[in-house]
Amino acid sequence: MDDTSLLHIDDLDVTLPTAAGPLRAVRGMNLSLRKGEALGIVGESGSGKSMTALALMRLLPPGARLRAGALRYAGHDLEAMPDADFAAQIAGRGIAMIFQEPMTSLNPVYTIERQMTELMVRDGASAARARERALYLLDRVKVPDPAHRLRSYPHQLSGGQRQRVMIAMALMTEPQLLIADEPTTALDVTVQAQILELLAELRQEFGMAMILITHDLAVVANAVDRVMVMYGGQPLESGPARTVLGDPRHPYTRGLLECAPGKAGRHARLNAIPGIVPSLVDPLPGCVFGPRCAHATAECRNGDIARTPRDAQGWFRCLHPQAAAQPAIATRANTADTGVAQPPARPSADIVLSATHITRTFSQRKGIFGKPYQVRAVDDASLQVAHGETVAVVGESGSGKSTLARILLGLDDPDQGEVRLDGRPVAGLSAAERARLVQPVFQDPYSSLNPRRPVGEIVARPLALHGEAGAADLRRETLRMLERVGLPQRVIHSYPNQLSGGQRQRVAIARALILRPRLLLCDEPTSALDVSVQAQILNLLQDLQEEFGLSMLFITHDIGVVRKIADRVAVMRDGRIVETGPAGTVLERPSHDYTALLLSSVPTLAHAFAGAA
Amino acid sequence: MLRFALKRLGLAVLVALAVSFATFLLLNLATDPAQAIAGENAEPELVAQIRHEYGFDRPFMERYGSWLADAVRGDFGRSYYWHDSVSQLVLKHAPPTIRLALMALMVTVLVAIPLGVIAALRPNSAVDRLALGIAVSAQAIPNFWLGLMLVILFSVMLPIFPVSGDTSWLHYVLPALVLGTSSVPAVMRLTRAGLIEVMGSDYVRTARAKGYRGIELLARHALRNAILPIVSVLAVQLGQKFGGSVIVESIFAINGLGRLTLQSILGSDIPTVQMLIFIFAIVFILMNFLADVLNALLDPRIRMG
Amino acid sequence: MTNQDKTLAAGLAATAPPPAAEPDFDAQRRQAFWRRVRGHRGLQAGAAILLALLAVAVFAPWLAPHDPNAQSLAYRLLPPAWSEGGSWTYLLGTDQVGRDYLSRLIYGTRISLVVGFGAASIGCLIGVTLGVCAGYFGGRIDSLVSFLLTSQLALPGLLLAMALVFIIGPSLWVVIGIIGGLHWTYYLVVTRTSTMRLRQLDFVAAARAIGSSRRQILWHEILPNLLNQIIVVFTFEVGIAVLAEAALSFLGVGIQPPTPSWGLMIAEGKMAIFHRPWLVVLPGMALFLLVIGANLLGDGLRDVTSPEKRN
C-alpha cells in the first residue's frame, strides 16, 4: 500500500438482527480513499450507504455483525484494533463524522463551548487553547458572533447554524478524514449550497479527505472527486465523478440519472425505474438490481457479479453494461413514448382557484405568561390556477407555503383576503361542496393515512362520508380508483404499514381523486420518497391530470420537479410571493434576486460538468 | 430564571386555591358537618347549637371566605374532636411523618435508580428482566399487607427492628421500607425508560463518534439529560408520601399526620379533616413547585423559554 | 425516520411480486400479531390469571363449598386443613366467627373484580374525555384541563377517598364511584399526549379536507388510534383500583362487613395475626395475584401492540 492511501476497505459485510431474520445491510463493500480525496457514496434508502459509515466508526446498533476482508485506516487494522485504542486515537481524532439531523445531534444541556472543546481538553490541551481554536473554527464556518455563540445552547441556534457548529466541532482535532452522512438533506436549498461550499473550502485548506453520503446525485456531482453508487447493500459502480455520472455503465446508475426530474422538459415522461427495493433479509443470489433491470438475464441470477474494471480505477458490477451509444433505459413499465415534449395546452380562461391578498398572522408566545408577538405567516399573497394548469409554488422552510396551502384547502381562514374556488368564495361553501372542488396530497406518506384503517376504507371514506353510494358501489369505485393509480386490487384489505412509501402515496392520491375534485393541491408530495419512486409518482400525477382534467397546485422546494411539471411558477419567501410567471420565464430569466439565488443554489449535474470543463 | 420561578409560584397559588375550594365543597356538601360532629343520635337542639357555634349556618361562600382568610393568617381553627387547636395538632404530629417521608424517599432512590440504570444499560439481559420482574411484583403487593408481613417477620421471627411506635430512628426502618417500595416500580421504570431513550439519542451518538465510551460516556453525556425527568418525579413522590403515609402509620403505630387524619375521619371531625387535607395538598404543591424550579435549573431549554 | 430506520424499513419491504404468487398481507399481519402474542409469556400469564379469576368470580356459587356469610361459632378460627387442628370441611380454615375462609376468598373475587372494572371504567370515561378534549382543542381548554390535573394530583387521594366514603356512607357503589372519580389522571395524561400528536398528522388534515366534521374526526380518526393505549392503561387501573379498595376496606372506611372484601378480611384477621397468620396471608396473596395478573396483561398488551416501544 502506498504512502498516499488513507482508507482501504475490502469486502465489508454488515448484518443486522431483525425479527424476520438477519438483514444483510452491506455486502461486498470495497472502497479506497487517498489522502485529501473526496468520495461520494450515493444511494436511495436501504442502499447501505449509512451503514458503511457507521460500521467504520463503530456506531452500529448492538447485535450488528461486521466482517471484512480488510479494513485499514492510515496503516491501522481497524477490524482487529481494541475498542479502547479506537476510541482514544481514531474516533473523533483521525476520523470525524457529522450526521443528518443537526437539530438533535448536539446535547441540549451543555453549551456550545463545552461540546466543542471537550475532546481537545480531554486529550491534554489547555482550556484556553481549545477555546481559541473553537473561536477560530466558528469563524471559519461563518457562524456570526462566535464569542456569543460559544456561550449559547444548541436550542438557540437554527438548523443551518447547528450544522456549521457540528462541522467546526469535527474539525477541532484536525482529522484526516471527515465522514458526512447526508449533512444537508434536512436543510433548505440555499443553506445546503452554503454548507457544501464550506465543506469544499475546508477540505482544500486542511488537506482533509472526505466521504460524502447522500441520495442526491447533483450534490455529489459538485462536491466530490469520485463517486460510488450503492443499491440494496452493494456497491454497483464506482469511479471519477465525471465518468460515473456523465458516462455510467451500470443500468441502475443510468436509471437514477434518467429519473432525476431536472432533465426532462415539461410534459415529458420520466423514465422511472419500476418496482421497489428488495428485501435484504435472505437476499436472492445474483445481481441485487436484477429483478428491476430490463437487461437482466438468467446469468445475472447465478452468483455474485464480479467487478469489471474501468480506467482511472473505476469499476462496475454488471454483466450487461450500458455504454453511451445506447438509448435511455427501456424500462418494463414504460411502453409509452419517451422524451418528446408536447406543446403545452392553451391555458383556458376558466379560473379554478383564485386567491387574492391573503394575509395570515399568528400570535405566538414564549412560555405561558410571556408577551405575545405577531408572526406573519402569509403576507398579501395572491395567486391563480386556471383549468388544466399546473402552478408550482416554490419556497424554503418558513416561507409560509404550508400555511398558504391550508388556507387554500379551506382548513384555515385568512385574516384578510379571499379564496375563490370555481368562482365561489370558499368561506361560503359547505365542507362537502368544498371537498368536491379541492383535495390535498400531503408530503409524508407515513402520516397521511390512518394507520388503523385498511386501504379500501381510506379510499372509500370520502364517498361514504357524503352518503353517496351503497356498499357495492363503494367497492366498485374503490377498485377502479386503485387500478387507476397503479395499485393491485388485493391492497384493498391491507393496512398502511404494510405498504411502501410510494404505494402509500398512491393511496393518498386515490383518496384525493375519488371525489373528482377540480383542483389537486399537492404539498411536497414526493419530497419524502426515493428518487426512483418520485419519478413514478410524478408520471402518475401527470397521467391522471390529463385523464381527469385536473388542475394542480404543486408546492415544492425542488427546482427539478418544478421544471418537469409546472406551467406557471410562484416563488414564496417570508410569506410573500416575490415572483410569478410562466415556468419558462421564471426559471430561465428570473426577475427577482431571491429567485435567482434559489436557482443558483440548486446543485445540478450540468453545473458540475460545466465547471470542470 | 427569577421570572420563571415567579410564574410558577403564581400558578401554584392558584392551584392551592382551587384545591382548597374543592375540598371545602366536597366535604361540606356531602354531609352535614354539624350532624357529623354531634353524632348520629344527638338531639336536634344539640345539632343546631353546634351548627351555630361553628358557623355552619352561614351561607356557603361566606364560610369559605372566612375559612380561607383564617387559613392564610395561620389560624387553622379548633378541633372539636381533639379539643385542641389544629395548628398545635399539626405541629405535634408532623415530625414523625416528615421523618418517615424522607426515609421512604431515600429507600426509593437507593433501590429504584441503580436498578433502573443497570437495566437500561443492558436492555433485555438477565439483569434487566430481573429488574422488571421486581418492578412488576412490587407494584402488585398491597402495601398494607407487606407491612403486616414485615410485622409478623420482625416481631416473631427476627426481632431486629421494632414494629410499633416512633421513639427511635430504628422504629422508622420498617415503615420507611414499606412506604418506599410502593414507589420503586414507577421510579425504576422511569429511570430505565429515560436512560434508554437518552442512550439512543442522536447527541449520544455524536459523543460515541467522538470516542466516548462506558462510564465516561454515561457520566458526561447521558446522566444530566436522563436525570431531568427523574428529579421532578422524585419531588412529586415526596409530596405524595405525606398523604400516603396513613396506612403505614396505622400499622406501625406511628403518631404522624396520616394517622391523625384517619382518626379525625373516624371521629367525624370534618373541619379538622378539611384542614389536614388542605395541608397535605399544600405540601404537594410546594414539592411540585420545587420540582419545576429544579427542572429549570438543570435544563437550559426550560429556563430560557 | 432516521436513515437507519429507513434501511430497516426498506430492507423488510416486500419485493414487487411476480404476477403469479400474491402474498396475503392480511394473513401475514395476523400471523405476525399472533406470533408476538405466542412469544410473550407475560401476556399469556396475565391473561390466564385474569381469566381464571373471572371464572372463579362468575362460578362462585358452584365453586364455594359453603355460604360465605354462614357463621358457625363452634368452628371459629380453625387453621387450614393441612395444619394440625384443621379440618377438610373447611379447606382453608375459618375466621373469627366461623365462616369458611375459602368461600369468602372465592366470593371476594367478585367484589374485587367489580370494583376494579367499575372504577377503572369510570376513570376511563372521565380521563379519556378530558384528555381528548384537551389534546384536540388545545388553547384555553387545554390550560384548564392541565390546571384541573395539577389540582387533582395535589389532593391526597387515599385520604380524600377515605373521608368521602365515610361521610357519604360506605357501600359498594360509593366506593366504586369515589375510586373511579379520583383515578382518572393516568388516562388523561396518556390520551392528551397522544391526541396532541395525532392532531398534527396529515390524515387528520385529510379528513377535514374531505369534509369530516369535528365529531366525526374525533370518533373515526383519533379514537381508534388511542384504543391500544387506553386498553393498556385500563388494565393497570384495574389493579390500582383493586388495591385502593383493599386499602380503604382495611382501614375501615371502605366495604363494610359482612361483605367478603379481601382488604376487609385482612383487617379482620389483623388482630389474630401472630397465631393465625393465614387470615392475613391468604387474602393478601389473592390481591397480589389479581393485580399482578392485570399488570402482566397490561405490560404484555403494550409490548405486543407497539413492539418498538418495549418498556
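## Structure report

In chain A, strand β8 (residues 177-181) pairs with β7 in the parallel sense, over four bridges. Within this pairing, A:Ala96 has A:Leu178 of β8(A) as its bridge partner. Two strands are taken to pair if DSSP finds at least two bridges between them. Helices (H or I, at least four residues) and strands (E, at least two) are DSSP runs, numbered from the N terminus.

The model is predicted: local features need pLDDT of at least 70 and side-chain atom pairs count only at pLDDT 80 or more, while totals for chains, interfaces and linings use all residues. Residues are numbered from 1 along each chain as its sequence is written, and chains are lettered from A and ligands numbered from 1 in the order in which they are written.

**Sheets of chain A**

Strand β7 (residues 95-98) is covered on both faces: A:Ile95 and A:Met97 are buried on one side, and A:Ala96 and A:Ile98 are buried on the other. A residue is buried if 20 or more other C-beta atoms lie within 10 Å of its own, exposed if 12 or fewer, and partly exposed in between, with C-beta atoms placed from the backbone.

β7(A) belongs to an open sheet of eight strands with mixed pairing, in the order β7-β8-β9-β3-β10-β11-β13-β12. The edges are β7 and β12 (308-310) of chain A; each has a single partner strand, so one side of each is left without a neighbour in the sheet. On average, neighbouring strands here are turned by 20° against each other, direction ignored. Angles run from 0 to 180 degrees between N-to-C directions, and axes are lines fitted to C-alpha atoms, for helices over the stretch in contact. Further along the sheet, β11 (residues 234-240) and β13 (residues 314-316) of chain A run antiparallel and are joined by two bridges. There A:Trp315 in β13(A) stands opposite A:Ser238.

A second open sheet of chain A has six strands in the order β19-β20-β21-β16-β22-β23, again with mixed pairing. Its edge strands, β19 (438-441) and β23 (576-582), each pair on one side only. The average turn between neighbouring strands is 15°, direction ignored. β19(A) and β20 (residues 519-523) of chain A run parallel and are joined by four bridges, with A:Leu520 as the bridge partner of A:Gln439. Helix α15 (residues 501-513) of chain A packs on this sheet, where it touches β19 and β20, and its direction makes about 175° with that of β19(A).

**Helix packing in chain B**

Chain B contains 15 helices and two strands. Its C-alpha atoms fill a box of roughly 80 × 55 × 30 Å along the principal axes, and 45% of its 305 residues are buried. Of the contacts in chain B with a separation of 6 or more, 72% are between residues 24 or more positions apart. Residues are in contact if their C-beta atoms, placed from the backbone, lie within 7 Å.

Two packed helices are described by the angle between their axes and the distance between the axes. For α11 (residues 214-244) and α14 (residues 270-298) of chain B, the axes come within 8 Å and cross at roughly 170°. That makes α11(B) roughly antiparallel to α14(B), a term used for angles over 145 degrees. Residues meeting here include B:Ile227, B:Leu228 and B:Val231 in α11(B) and B:Phe280, B:Val283 and B:Phe284 in α14(B). By class, this contact has 15 nonpolar, six polar and one charged residues. Ala, Val, Leu, Ile, Met, Phe, Trp, Tyr, Cys and Pro count as nonpolar, Asp, Glu, Lys and Arg as charged, and the others, Gly among them, as polar.

**Contact between chains B and C**

On chain C, 38 residues are in contact with 37 residues of chain B. In chain C, α6 (139-154), α7 (157-168), α11 (214-251), α12 (262-270) and α13 (278-305) each supply at least two residues of this side. The side of chain C that touches chain B has 29 nonpolar, seven polar and two charged residues.

**Backbone geometry**

Most residues other than glycine have a negative phi, and most peptide bonds are trans. The peptide bond joining C:Pro257 and C:Pro258 is cis, with omega about 5°; C:Pro258 is found in the loop between α11 and α12 of chain C. Two residues with positive phi are tabulated below.

| Residue | Phi | Location | Exposure |
|---|---|---|---|
| A:Asp11 | about 55° | strand β1 (residues 5-18) of chain A | partly exposed, 13 C-beta neighbours inside 10 Å |
| B:Ala253 | near 50° | loop between α12 (246-251) and α13 (257-266) of chain B | partly exposed, 14 other C-beta atoms within 10 Å |

Technical notes. Contact = placed C-beta atoms within 7 Å. Parallel < 35°, antiparallel > 145°, perpendicular 65-115°, else oblique.
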